[in-house]
Every structure is written in structure tokens, then in C-alpha cells.
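Here is a short briefing to read beside the model. Start with the aromatic residues, then move on to the strands, a helix and a loop.

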Amino acid sequence: MMASAKGNHQGRRASLSTLRLGILLVTSFLFGLAVCSSFFLWKIHNNDPILSDSHLPHYHNVASAKAEFTKSQTALQQSSSSSSILEGLRILVTIASFDFMQLPHLEEVLDGFRDLCYSGSKVDIVIYTTVVYPVAFIDMFNDRMRCNNPSPNAGLTTTMILKPNHVRLHLVDFHRRLFYDRIDQYDVFIYTEDDIRISPTTVGAYLHETNRVESIVGAEHATDFNVGIVRYEYDFPENVVITDKTRHATENVTRVYWEHLGKPVFEKAVDKVEDEELSPYYISMHLHHQGMYLATASLLKAWKDRKNCKFDEIRDRPANPKKPSQPTEGTQRVWMSSQMLYGGRHCGVKQLLPVENFGQLTVLHLPNKNYRRVGKQGRIGGNDNAPKNEFSDGTEVFQQAHPLLLKALELHVEMKKEFPSLQKSNIVDGQYTGVRVVDTDVKKHHFDRDHKAAFVKRLDAYKEYVSRGGYMIESDMNLDVEGWTMEA
């Protein structure tokens with residue numbers, strides 16, 4: 001009996017020892033895994049030109065821009081339910097902006113994304129461009145894009161990535177690789193051209209409708225659809241300049257969807273949705289060009305593996321086999337923003353627009369000029385007998401606005417001269433947090449001599465600006481506010 005009890009006691013001791021050893025081994029394995037994972041993420045972070053501290057500024061008013069990369073969608077929804085659908089949302093925005101030609105529109109576009117930060121989102125903006133902005137303009141951008149939302153869930157960064165100007169129309173390609181490289185670090189991805197005004201309403205409505213579609217058809221079938229966008233302009237009279245004398249001419253001006261023509265509307269411009277579950281609530285446009293798109297991380301992952309899609313692969317727009325320079329389904333920008341995704345011979349994702357909330361997913365096309373093309377030769381609604389669509393030949397002379405008008409850049413420079421003590425606006429925790437300029441993809445010897453001189457001069461001035469903490473000195477403020485885009 002005693003021998004049996006002694007044997008049982010020893011067995012229990014052996015089992016206890018085995019349990020302790022098992023716990024120790026599991027703990028050691030998990031600790032090693034955590035260390036390796038941390039090292040791996042640190043390695044990625046420090047070797048990556050977008051994520052590294054040398055290129056991407058910290059979120060303003062956020063202790064760590066690197067935290068919460070693994071934040072779950074469930075946690076995000078729980079956080080949002082108590083405040084806003086945009087609260088804590090991690091958004092990656094990419095903008096194709098070739099040069100200074102559309103700068104007035106780009107300024108408005110950036111204002112819209114800053115508003116997202118004030119709505120509670122963490123927003124990283126990446127602008128692909130081929131030009132270097134002068135320090136004074138970057139300093140003005142820094143003041144405009146500073147998001148003073150005290151919420152730890154909000155933040156904003158802006159990065160300009162320089163590309164060689166010979167990429168031309170292929171500037172629209174670069175966002176796609178960035179999206180898939182960062183697929184697990186953001187909740188929403190936005191690609192846009194530099195002349196489309198996107199607001200917090202746009203993003204909030206997109207998320208609302210995306211969740212609604214999934215609730216109706218299920219998560220798997222929902223990847224066959226994407227909530228779309230429709231661009232609008234205002235149809236100001238073509239032969240009138242709006243002044244005090246002619247301001248009454250705007251009485252009948254309204255929003256027009258110039259890309260979507262034809263009547264009856266539901267035969268020529270708008271399509272009904274074939275899916276029986278979605279057809280009571282959604283429509284799609286017959287022409288699905290948007291100039292932009294939004295997507296969630298889960299949709300991007302699904303489209304990567306979708307049959308005939310390969311959305312992660314950058315490729316040229318379809319062309320005439322006998323004449324490759326002639327596109328058959330739109331230009332490269334049309335291809336990357338819309339046709340690859342919605343084209344029936346490609347990804348075949350169905351564009352959806354909500355009937356009830358349609359106006360919330362319409363966006364202003366800031367140039368407000370394309371409606372004037374309608375009915376012209378070679379344009380929508382035009383024929384061989386229609387009026388010609390005239391293009392610039394470089395000989396035009398424009399009457400400039402009155403020189404007494406106070407320009408934004410002029411006022412910005414004068415304020416900085418008047419308040420020299422405010423030199424730490426762009427420093428957080430001892431680090432520069434303003435607009436970052438990344439030039440790793442540019443080979444300066446490809447430029448002609450004059451262009452190279454201007455490029456190097458501005459880039460060197462920017463680097464000095466960052467090194468001293470992001471404030472201007474006299475040489476930065478000594479620029480021609482009338483013609484700075486042409487300065488060498």
C-alpha cells in the first residue's frame with residue numbers, strides 16, 4: 001500500500017515536472033517569436049523608404065506612428081460605433097500630380113484629406129510628382145496640413161515622392177505596388193488624380209455602403225462589387241465670365257454628370273444591377289470611369305487572386321495590336337483608375353452606387369471644364385459635323401488678375417517674416433514632422449542642364465530646411481511669388 005502511494009506520488013512529481021518543462025518551452029518559443037517578429041518589423045521599417053523615419057513624418061499629436069499595425073477590424077468597428085465611422089481609421093492616400101499645372105486643384109484635394117484627420121482618421125498622403133516645390137511653398141503646406149486633432153486615433157502625414165519626368169502618363173502606376181506592400185497596415189486605400197475633391201463624407205459613405213453590401217450578399221460574394229464614384233461639374237454658361245454684372249447667369253447653373261449621357265437615362269447612362277439582392281438598392285453607371293477609386297484591404301486582397309484580374313500587377317492599358325500607341329479602352333490613367341477593375345474582360349468587378357445616398361458618392365471635378373467638351377468633335381456626344389474641340393497651341397495670352405490681390409504664398413512669407421520666433425511649429429519630440437520629399441528614384445543626370453540646376457537647388461534648400469527643424473531663413477523667403485514655378 002505504502003509502495004503504491006509512493007509510486008503515485010513520484011508519478012505526480014514527474015507529471016508536474018513535465019508540465020513545468022512544457023510551460024517553459026512554450027514560453028521560450030513565444031518569447032523568441034516575439035523577438036524575431038519585432039526585429040523583422042524593425043528591419044522593414046528602417047529599410048523602407050516610405051515607412052522609415054527619414055521619409056515619413058510622425059503623426060502629429062500621436063505618441064507613436066508605428067503602433068497598432070495589427071489592429072483588428074473588429075476593434076476598429078467597436079471604436080467607431082461609439083463616435084464616428086472614421087474614428088481611428090487608417091487611410092493610405094496616393095495622388096498622381098505630374099507638375100505644377102494643376103496646383104490650384106491639388107491644394108483643394110489636400111484640404112479634403114486634412115479634413116479626414118480632423119474627423120478622427122489616421123491619414124498618410126503620398127504624392128507622386130516630377131517637380132520640386134520651393135521651401136516657401138512646402139512651409140505653407142506644413143501650416144495648412146498640420147492636424148491639431150488631440151485624439152490619439154487621429155494623425156496626418158504628407159510625403160512627396162519624386163519620379164523622373166520621362167514616366168509621363170505612367171505616373172499613375174506607382175500607387176498600386178505601394179498599396180499591396182502596405183496591405184496589412186491600413187484599412188482603406190484611396191488612389192486619385194490631383195483634381196478631384198474627396199471629403200470625409202465620401203469616405204464615410206463608401207464604408208457605410210461597403211458594409212451594407214457585405215451584409216446583404218455575404219463577405220465572399222461582396223468581393224464581386226465595389227462602391228463607386230461619379231464626378232460632377234457645374235454647367236456655367238460657356239460665353240459668360242461671371243462678374244458683378246453677370247452674376248445672375250448662375251441662376252440656373254447646376255451639377256452635371258458630363259461623362260454620363262443619353263436618354264432614356266436608364267437605357268443609355270445608367271444600368272440596373274443584375275444581382276437580385278442588390279438591385280432594389282443600387283445602380284451602376286454605363287460608363288464607369290472615375291479618375292479615382294477607394295478600396296478596403298480585404299477587397300484588394302480578393303482582387304489580387306480574382307480570375308483574370310491580378311489587380312496587384314501593374315501593366316499597360318489594352319492597345320490596338322497593329323498600332324500599340326493607340327489605346328482601345330482608354331488611356332493609362334483611365335486603365336489604372338477604373339477600366340482594369342470594372343472592365344468585363346479584366347477584373348469584372350461590378351460598380352455599385354446607392355440610390356438613396358447617391359449624392360454622397362459624387363465628387364467635384366475641380367477644373368470644371370470637361371462639360372464644355374460635350375458635343376464636340378471626337379468627344380462624348382459629338383460627331384463629324386459637330387463644332388471642333390479646340391486645344392491650346394501655346395500662343396494664348398491671358399489677362400492676369402489684378403496685381404493688388406493678396407496671394408496666399410505672399411501672405412505666408414510676410415507672416416513668417418513678422419513672427420520669426422515661431423520656428424518650432426514643425427518639430428515634435430525634437431523631430432521634423434512636416435512634408436517629406438523622397439528623391440531616391442530620380443537620377444539627376446537625366447535632366448537637361450537648366451532643369452537639373454533648378455532641381456538640385458530646390459532639393460538642397462529643402463534638405464537644409466529640414467536639418468534646421470523646418471523653418472525658413474531669408475534665402476527661402478526671397479522668391480518671386482508671381483512666377484516661382486518657372487524659377488531656376
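Arg-176 lies over the face of Phe-311, 3.8 Å from the ring centre. The model is a predicted one. Phe-311 also belongs to an aromatic cluster, together with Phe-179, Tyr-186, Phe-189, Tyr-191, Tyr-293 and Trp-303. Tyr-293 of that cluster sits on strand 11, residues 292-296.

**Aromatic pairs**

- The whole structure holds 15 aromatic pairs.
- One of them joins Phe-179 and Tyr-293 in an edge-to-face arrangement. Their ring centres are 6.2 Å apart, and the planes make an angle of 85°.
- Phe-179 comes from helix 5 (residues 174-181) and Tyr-293 from strand 11, so this pair ties together parts that lie 114 residues apart in sequence.
- Phe-179 has a relative accessible area of 0%, so this residue is buried.
- Tyr-293 is also at 0% relative accessibility and therefore counts as buried.
- Trp-303 and Phe-311 make an edge-to-face pair, with 5.5 Å between centres and 80° between planes. Both residues are buried.

**Charges over rings**

- The guanidinium-bearing residue Arg-176 is placed over the face of Phe-311.
- A second case is Arg-468, which lies over the face of Tyr-471 at 5.8 Å from the ring centre.

**Strand 11 and its partner**

- How many residues of strand 11 are buried? The count is 5 of the 5, so the rest of the structure largely encloses this strand.
- In a regular strand, side chains alternate between the two faces of the sheet.
- Met-292, Leu-294 and Thr-296 point one way from strand 11. Tyr-293 and Ala-295 point the other way. All of these residues are buried.
- Strand 4 (residues 188-193) runs antiparallel to strand 11, and 5 bridges join them.
- Across this pairing, Thr-192 stands opposite Met-292.

**A four-stranded open sheet**

- Another topic is an open sheet of 4 strands, in the order 6-14-10-9 and with mixed pairing.
- Strand 6 (225-227) and strand 9 (270-272) are its edge strands, each pairing on one side only.
- Neighbouring strands in this sheet are turned by 45° against each other on average, direction ignored.
- Strand 9 and strand 10 (residues 282-285) run antiparallel and are joined by 3 bridges.
- Asp-271 has Ser-284, in strand 10, as its bridge partner.

**Helix 11**

- Which residues of helix 11 (residues 408-418) are buried? They include Leu-409, His-412 and Val-413.
- These residues span an arc of only 95° around the axis, so they sit on the same side of helix 11.
- An α-helix has 3.6 residues a turn, so residues three or four places apart point the same way.
- Helix 4 (135-144) and helix 13 (474-477) are among the parts that cover the buried residues of helix 11.

**An exposed loop residue**

- Where does Arg-345 lie? This residue is in the loop between helix 10 (332-342) and strand 14 (350-354).
- Is Arg-345 buried or exposed? Its relative accessibility is 64%, so Arg-345 counts as exposed.
- Arg-345 and Cys-309 are 36 residues apart in sequence, and their C-alpha atoms are 8.9 Å apart in space.

Notes
Residues numbered from 1 in each chain as written. Predicted model: local features only at pLDDT ≥ 70, side-chain atom pairs only at ≥ 80, totals over all residues. Heavy atoms only, no water. Buried < 20%, exposed > 50% of the residue type's maximum accessible area, 1.4 Å probe, protein only. Helix = DSSP H or I, 4+ residues; strand = E, 2+ residues; numbered from the N terminus. Pairing = 2+ DSSP bridges. Arc of directions from axis to C-beta. Contact = heavy atoms within 4.5 Å. Phe/Tyr/Trp six-rings, centres within 6.5 Å; stacked < 30°, edge-to-face > 60°. Lys NZ or Arg CZ within 6 Å of the ring centre and 35° of its normal. Axes fitted to C-alpha atoms, helices over the stretch in contact; angles between N-to-C directions.
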